[in-house]
Amino acid sequence: MTDYRRLRVALLGAGAVGSQVASLLRQHADELADRAGARLELIGIAVRDVDAPREVDLPRELLTTDAESLIVGADIVIELMGGIEPARTHLLAAINSGADVVTANKALLATHGPEIFDAADQVGAEVYYEAAAAGAIPIIRPLRDSLAGDRVQRIMGIVNGTTNYILDRMDTEGAEFADVLADAQRLGYAEADPTADVEGYDAAQKAAILASLAFHTTVPLESVHREGITAIDKSMMDAARHAGYVIKLLAVCERLNGGADESISVRVYPALVDRAHPLASVHGANNAVFVQAEAAGNLMFYGAGAGGVQTASAVLGDVVSAARRHIAGGVGVGESTLANLPIVPIGRVTTRYQITLEVDDQPGVLATVAGILSDGRVSIANVEQTVAGEDARTARLVIGTHKALEQDLSETVDRLAASGVVERVVSVLRVEGD
Ligand code: NAP
């Protein structure tokens, strides 16, 4: 056996991901040593309760509640506790003590990323976070390294497995949101409190991380426009299917304009995606990130966006990278935010829309609706009258628009709602992916 140098690895957290990381570190110790060029010695695992039942058997003597002491003297610290505090304090302490750090903590990076990256820069340490944006899917390294010589134009990501699972079952089984959510909670795909997933908070954190990397710009979480999927119902799903679309919760990170006016938009919302688009075939709880780059063209990264052992794969990849760098020495790559492009509010974003209206079924109504749209600078691409109301007094109009400014569109929809001919605005959905 090669006599490798030993690197001391401290693990913070032994939950769904941490317990699998600990197990794989021990199980594949020899192989990992060959790949890293160093023996990765797990010196301890910080948890809240050393006696809590664990998914995998971990040596009792490795468990401790004293994370602070564990960090002292570690070469690599893996943070898998989640949440902001005490994870932030521990990561900063690890960096300041000279360790390289690995984390999967999207909530922390999306809110305190600059502070953590700056601290690492100051001491020449490196922060690895491959698992923070899409679980097992390699996307951080492709954006940070593989595409470093290209210009990313747009990222469209299905980055939340829970919402994709719910929307996929609504689409394929014709089920209602509340029923699928209850099922997802029973099966463990959704948390007891599903807010972070179904309201788009989790996806927004990931969007902020991806956009920061792709556009070399600090993207504060507050600048990410966020809408969830709770308003999506069976009738919207049916209408989408009828029109050749599927509804997906998308994280869209986009470069806008060019030259001196260059800016970016980062947003999360449910959108209509053409069934022929690669993202439409992402089923179940899977994730996918579709990247459009100037020279590389279209790239799609697909796979498991969560799961303890799957996510542990990405974490271990980071640990091996950290070990190699620790041995080779030199300063870390650091985060590049040199471009620092302005981030535009949602009102200044341009997309296509599908507007569904319930209108009076009378002559001249279509002309009135078309007039309001045209006055609002929203140009119609197609119109379909789908279902007559039960009383045959109302009709349903499904209007596809050409690209329009969000602000124009929303003011126009308000005017439609207030007009005498529209009984109800049934839905307004963006169309993404052309
Ligand atoms: P988890 O199952 O809730 O485990 C958290 C672990 O951290 C537990 O072992 C817990 O100890 C420990 N911990 C929490 N607070 C602590 C404290 N104050 N002091 C000491 N230990 C503490 O979490 P997880 O699902 O493994 O997620 C870990 C991280 O990975 C999160 O940032 C998450 O966003 C990210 N991530 C998770 C997944 C996934 O599929 N689960 C996917 C991608 C990214 P006890 O066991 O004693 O309670």
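Leaving aside its neighbours within four places in sequence, which residues is Gln205 in contact with? In this predicted model, the partners of Gln205 are Lys106, Ala107, Ala110 and Leu221. To find Gln205 yourself, look along helix α11, which covers residues 201-215. The relative accessible area of Gln205 is 16%, and the cut-off for a buried residue is under 20%, so Gln205 counts as buried.

With that residue located, let us step back to the whole chain. The domain assignment divides the chain into domain 1 (5-134 + 309-328), domain 2 (140-304) and domain 3 (350-432). Notice that domain 1 is written as two stretches, 5-134 and 309-328. If you compare the centres of domain 1 and domain 3, taken over C-alpha atoms, you will find 52 Å between them.

A good place to go next is a pair of helices, α1 (residues 18-27) and α13 (residues 308-328). Their axes come within 8 Å of each other and cross at roughly 60°. That angle is neither under 35 degrees, nor over 145, nor from 65 to 115, and α1 and α13 are therefore oblique to each other. The crossing of α1 past α13 is right-handed. On the α1 side, the residues that meet the partner helix are Gln20, Val21, Leu24 and Leu25. From α13 come Gly308, Val309, Ala312, Val315 and Leu316. Sorted by character, the residues of this contact are seven nonpolar and two polar, with no charged ones.

Now travel to the start of the chain, where Asp3 sits in the segment before β1 (6-12). Is Asp3 buried or exposed? The relative accessible area of Asp3 is 76%, and the cut-off for an exposed residue is over 50%, so Asp3 is exposed. From here you can look across to Arg39: 36 residues separate Asp3 and Arg39 in sequence, while their C-alpha atoms are 8.5 Å apart in space.

Our last stop is Gly284, in the loop between β10 (263-274) and β11 (286-293). What does Gly284 touch, not counting residues up to four places away in sequence? The list is Gly161, Asn164, Tyr165 and Asp168. Finally, try tracing from Gly284 to Leu70: these two residues are 214 residues apart along the chain, and 39 Å lies between their C-alpha atoms.

How values were computed:
Residues numbered from 1 in each chain as written. Predicted model: local features only at pLDDT ≥ 70, side-chain atom pairs only at ≥ 80, totals over all residues. Heavy atoms only, no water. Axes fitted to C-alpha atoms, helices over the stretch in contact; angles between N-to-C directions. Helix = DSSP H or I, 4+ residues; strand = E, 2+ residues; numbered from the N terminus. Left-handed = near helix turned anticlockwise from the far one by under 90°. Contact = heavy atoms within 4.5 Å. Nonpolar A, V, L, I, M, F, W, Y, C, P; charged D, E, K, R; others polar. Domains from an automatic or database assignment. Buried < 20%, exposed > 50% of the residue type's maximum accessible area, 1.4 Å probe, protein only.
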